Amino acid sequence: MSILNANKAYQNNSVQTASPGELTLMLYNGCLKFIGLARTGIELKNTEQKNTNLLKAQKIIQELMVTLNMDLEVSKSLMTMYDYINRRLIEANIHNDVKILDEVEDYVLDFRNTWKEVIQINRRMQHGETGRV
């Protein structure tokens, strides 16, 4: 098995065995990756790279939107933010605007970091750790 195939198998296994929380974290990480690649595309004036990666980032945001449980009040706030991020990604694509990507990346980073913290807290609670010293 080549290294490339082994890496792909590992990634597939990681996705298939991940909890819903871990999958959400993977989506945020993927979105950040694609925003970074799109930024590089803009800087290199590579329209295809920019467009392809911004579309991937948009698809991730759209996936996050459709998986929200709208019965929860927090989901309504998240939907508003995700919709805003999605619109800003479109604007960044149209205008080749790295500043918009910086803004959107900050929001996604905040979501990712918060989500990562929630996962860590949940793991500690599942293992009976209270976090008290």
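Me: What is the sign of phi at Asn96, the residue that follows α4?

Reply: The phi of Asn96 is positive, near 50°. Helix α4 is one of the DSSP runs numbered from the N terminus (H or I, at least four residues, for a helix; E, at least two, for a strand). The model is predicted, so local features need pLDDT of at least 70 and side-chain atom pairs pLDDT 80 or more, while totals for chains, interfaces and linings use all residues. Residues are numbered from 1 along each chain as its sequence is written, and side-chain values use heavy atoms, with hydrogens and water left out.

Me: How do you know that the reach of α4 is close to the expected one?

Reply: The expected span of a helix is 1.5 Å times one less than its number of residues. Helix α4 has 23 residues, for which 33 Å is expected, and reaches 34 Å from its first C-alpha to its last.

Me: Why is Asn93 called buried?

Reply: Buried means under 20% relative accessible area, exposed over 50% and partly exposed in between, with a 1.4 Å probe and protein chains only. Asn93 has a relative accessible area of 12% and is therefore buried. This residue lies in helix α4. Leaving out residues up to four places away in sequence, Asn93 touches Lys50, Asn51 and Leu54, where contact means heavy atoms within 4.5 Å.

Me: What covers the buried residues of α4?

Reply: The cover includes α2, α3 and α5. Among the buried residues of α4 are Tyr82, Ile85 and Leu89.

Me: What makes a set of residues a nonpolar core, and which residues have the most contacts inside the largest one?

Reply: A nonpolar core consists of buried Ala, Val, Leu, Ile, Met, Phe, Trp, Tyr and Cys residues joined through side-chain atoms within 4.5 Å. The largest has 23 residues, and Ile35, Ile61, Tyr82, Leu89, Leu101 and Val108 have the most contacts inside it. Two or more residues come from each of α2, α3, α4 and α5, with α2 giving the most, seven. Beyond four places in sequence, the residues that Leu89 touches include Ile35, Ile61 and Leu101.

Me: How many nonpolar, polar and charged residues are in the lining of the largest pocket?

Reply: The lining has 17 nonpolar, seven polar and one charged residues. Ala, Val, Leu, Ile, Met, Phe, Trp, Tyr, Cys and Pro count as nonpolar, Asp, Glu, Lys and Arg as charged, and the others, Gly among them, as polar. The largest share of this lining, ten residues, comes from α2.
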